[in-house]
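Please open the structure in a viewer and keep the selection tool at hand. The tour below proceeds stop by stop.

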Amino acid sequence: MASEKTLRQLADENDLTLGASITADAFRKYPDDPDVAQTLTREFNAVTTGNALKMGPLRPDRNTYDFEDADAIVNLGVANDLLVRGHTLVWHNQTPGWFYPWDYTDDQLRTFLRDHIHTVAGRYREKVDVWDVVNEAVADDGTMRETAWYDAMGEEYIDLAFQWANEVAPEADLFYNDYGIDEINEKADGVYALLERLIDRGVPIDGVGLQMHAFRAQEYVDPEALGENIRRFKDLGLDVHVTEMDVAYDRENVPENHLEHQAQYYRDILEACLDNGCDTLVTWGVHDTASWLRNYDQTITDDPLLFDEDFDPKPAYFAIKDLLESRV
Ligand code: XIL
């Protein structure tokens, strides 16, 4: 029998952190839809700051911060008792327009990054529970990605980012986050080796985030392979979270009832997660209308989330609910 409970209640009962990212746009852009905040706070117990804490939106110029959007999301989370995940302090994408043209010295960049992390992580010290400190620092072949940060500081920028975050937000859990590392492969091996080095050097890192953008879901990571990968990261002493899940299909090869396939996929991934000691799953958005896949890649489907355009729960929602119900 279908449960009267919300997904949030069932997540709580399973000690599962079940989150969704939202953009501040969502508050402004869909004023006629049922409120995104309402669905988020009813059905999830965690929120990730979609774009608002990325350097681009946050830093209109080199000496200024615009915290308006970030504050809106963080305060919504705090007011509704959601776990708040800050995303992200260091990334090579979504930098401000002035950033790459800036003719900095290596020292200036280092100082800039330290101030950025101290200011941002410090501001939310009481409010952000988990930080994606560094995002996507490893290339697809497993080598270090050659970003502006890496060019100026070498691999040490990662150590420093975690240390700086830890200095001002000692209570927060600090994560490394990346895509395409959901199963054991060349890139995941590179990340594993990096995290091992960080731990050896005493860097204050608590965990690794597997983004889980499951495009072309029929061929994407299967639950067993995910479980194996989670276990090896856990053996390093790290927490493992699924941080940005969405489930999409090649438009040329969409299964007949793709919403049912999607439901089963979400359920299987969550089950593998829970069975292997990963206690957090975050979807990259609440409802399909706000999915980044609406603009990102026209070759894949763009209804990857748990709620449809009207904020009605989809089969994936009920599949997850059913799984959690069975484990209470
Ligand atoms: C995406 C956002 O959802 C889009 O709105 C933005 O235009 C691009 O970035 N990995 C990440 C996220 O870590 O920050 C990305 O978010 C999706 C891929």
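A residue is called buried when its relative accessible area is under 20%, exposed when that area is over 50%, and partly exposed in between. The model on display is predicted.

**First stop: the disulfide**

Select C278, which has 1% relative accessibility and therefore counts as buried. Then add C273, which is buried as well because its relative accessibility is 0%. The sulfur atoms of C273 and C278 lie 2.0 Å apart and form a disulfide. A disulfide is a covalent bond between the sulfur atoms of two cysteines. The structure has a count of one disulfide.

**Second stop: a salt bridge between R201 and D159**

Side chains of opposite charge can pair when their charged atoms come close. How many salt bridges does the structure hold? The total is 19.

Begin with R201 and D159, whose side chains form a salt bridge with an N to O distance of 2.6 Å. This pair connects distant parts of the chain, with the two positions 42 residues apart. R201 is located in the loop between helix 9 (186-200) and strand 6 (207-210), whereas D159 belongs to helix 8 (residues 156-168). Is each partner buried or partly exposed? R201 is partly exposed because its relative accessibility is 41%, while D159, with a relative accessible area of 7%, is buried. Extend the selection to E155 and R197: together with D159 and R201 they make up one network of salt bridges that share partners.

**Third stop: two further pairs**

Select R42 and E43, which form a salt bridge whose closest N and O atoms are 2.9 Å apart. E43 has 5% relative accessibility and so counts as buried; R42, at 36%, counts as partly exposed.

Move next to R114 and D115, another salt bridge, in which the closest N and O atoms are 3.8 Å apart. R114 is partly exposed because its relative accessibility is 33%. D115 is also partly exposed, with a relative accessible area of 36%.

**Final stop: a negative surface patch**

Which residues form a negative surface patch? Select D12, D15, D129, D173, D239 and D279 to display it. Within this selection, centre the view on D129, which lies in the loop between helix 6 (106-123) and strand 4 (130-135). D129 has 34% relative accessibility and therefore counts as partly exposed. This value also satisfies the requirement for patch members, namely a relative accessible area of over 30%.

Conventions: Residues numbered from 1 in each chain as written. Predicted model: local features only at pLDDT ≥ 70, side-chain atom pairs only at ≥ 80, totals over all residues. Heavy atoms only, no water. Patch = residues over 30% accessible without salt bridge, like charges linked within 9 Å, V, L, I, M, F, W, Y side chains within 5 Å. Areas by Shrake-Rupley, 256 points an atom, 1.4 Å probe, with all protein chains shown as cover. Salt bridge = Lys/Arg side-chain N within 4 Å of Asp/Glu carboxyl O. Lys, Arg positive; Asp, Glu negative; His and termini not counted. Charge placed at Lys NZ, Arg CZ, Asp CG, Glu CD. Helix = DSSP H or I, 4+ residues; strand = E, 2+ residues; numbered from the N terminus. Buried < 20%, exposed > 50% of the residue type's maximum accessible area, 1.4 Å probe, protein only. Disulfide = S-S within 2.5 Å.
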